[in-house]
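Visitor: Could you walk me through this one? I'd like to start with the pockets.

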Amino acid sequence: MKDVGYIQGFSKLSKESKIEWLIENYFDDPGRSLDLLRSYWHNDVAVQKLHDEFIENTVSNYYMPYGIAPNFLVNGKMYCLPMAIEESSVVAAMAKAANFWVERGGFKARVISMKKIGHVHFVWRGTDKSELQQFFANIQQRFFDETDDITHNMRLRGGGILDVELIDRSDLEPNYYQIKGTFETCDSMGANFINTILEKWAEILEFQAQRDPALIDRHIEIIMCILSNYTPECLVRAEVSCPVESLTSGTEMDANDFAEKFVRAVHCAEIEPYRAVTHNKGIMNGVDALVIATGNDFRAVEACAHAFAARDGRYRSLSHVLVEDGVFRFWIEIPLSLGTVGGITSLHPMVKFSHELLGHPNAEELMEIIASAGLAQNFSALRSLTTTGIQKGHMKMHLLNILNQLEATQAEKDQIIDYFRDKVPSYQNTLDAFCMVRGISREELVRTKGM
Ligand code: MEV
């Protein structure tokens, strides 16, 4: 197998040679593939170089649409949300929710806490646990003192190490212990800061163990040092509320009936994991689009949100609703570990644009904006699901994707969009409409377009 498409030292080749090798080995029409890759290069060489250097083996760029949802009111401040996302209806749904809530006081959000966590995972093979506890107590202060230089700048900004603990996990795995650090990383996401400290802690642990009179080092073995992307204490809450009578459904449905149905829909997601996953996926549509647009780590945010959703042992909705005394309240609590400095925030031109668009929020404000965006997205989805059904809005937006796949002309698109103004498009009836407008049969469509 090694001779076909196998290469050693790919990363050492020049960008040109990488592309040459790639298209010669994997593509039928090398000229076309080469043109395609090149067509996605930035025409400013410096900007392209920046992108090339974000990761290894860059051969081109991968575009995502960058859309705007205006009129988004959070804590009395108006925002235009930058959203990087490919799914057709997400920006439209966000804009709709923004317009709905801007007339009802907007989103109220607050950060509950900002703590981040990291661990030195290690094995201790001793038998008398009090020895290890005593050893830890003796050296605990060193974890602060001997990382002074690393934490200096962060402390000036109001952050640093909040706590260091010895954790016994030997109930889960024989001889498994941790040094657990709790950190405040202010406006940075903090991964590099935390990991640097943890690696220093591992050195301290090993070094001090060698000097311990109880020769504790014979029993200590570092497994790894890494921050945890599970940050249940880096938590933000966002809420909307209004009198039930002003809760228009956007349909003929009575406001009370709509509220009742909405509450039931949220309850389904609170108790039924199959529904909860989809419900939370809808929340993450809004969250991820902003997390990506602001240059944050959406994989970390996703992993954490879902672990948080399952924190009591059952996967549940991240959002909740209550109707009490004629008032509808809808809220979300979600852990969001975000940065507004560091990473690619000051490098990627579009990320910089997003931060400027949002008025250069600090990490707390960004958490509040993004939690609100998740709630807004969830509100829009539930509103559609409990009234018109999701396909009406979704397929309206997806219609253009199908028409683009069919290579419809602008005139054909306009005619077909007009045709669907009072109908719900589906894949099949869009093909029918296209055939009708172009004056061809379905057989001919299959023959010419394979659809
Ligand atoms: C689709 O991307 C998201 C929804 O499925 C969310 C939901 O069902 O709540 C519409």
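Guide: Sure, with the term first: on a 1 Å grid over the protein atoms alone, a pocket is an open set of points where a 1.4 Å probe fits, with protein on both sides within 12 Å along at least five of seven lines, and lining residues have an atom within 4 Å of a point. This is a predicted model, where local features need pLDDT of at least 70 and side-chain atom pairs count only at pLDDT 80 or more, while totals for chains, interfaces and linings use all residues. Residues are numbered from 1 along each chain as its sequence is written, and side-chain values use heavy atoms, with hydrogens and water left out.

Visitor: Which residues lie nearest the centre of the second largest pocket?

Guide: That pocket has a volume of about 770 Å³, a volume being the space filled by probe spheres set on grid points joined across faces, edges and corners. Its lining counts 34 residues, and nearest the centre are A93, S380, A381, S384 and I390.

Visitor: Which helix gives the largest share of that lining?

Guide: Helices here are DSSP runs of H or I with at least four residues, strands are E runs of at least two, and both are numbered from the N terminus. Helix 4 (90-102), helix 9, helix 12 (363-385) and helix 13 (390-405) each supply at least two lining residues of the second largest pocket. The largest share, 8 residues, comes from helix 12.

Visitor: Between which domains does the second largest pocket lie, and why?

Guide: Domain bounds come from an automatic or database domain assignment. The second largest pocket lies between two domains because both give residues to its lining: domain 2 (66-109 + 234-388) and domain 4 (393-449).

Visitor: What about the largest pocket: how many of its lining residues are charged?

Guide: The largest pocket holds about 1500 Å³ of space, and of its 42 lining residues F54, I292, I344, H348 and V351 are closest to the centre. Ala, Val, Leu, Ile, Met, Phe, Trp, Tyr, Cys and Pro count as nonpolar, Asp, Glu, Lys and Arg as charged, and the others, Gly among them, as polar. The lining of the largest pocket then splits into 23 nonpolar, 16 polar and, for charged residues, 3.

Visitor: On to the strands: which residue in the turn between strand 8 and strand 9 has a positive phi?

Guide: Strands pair if DSSP finds at least two bridges between them; antiparallel strand 8 (residues 319-324) and strand 9 (residues 327-335) have 6. They form a hairpin with 2 residues between them, and the one with a positive phi, about 50 degrees, is D325.
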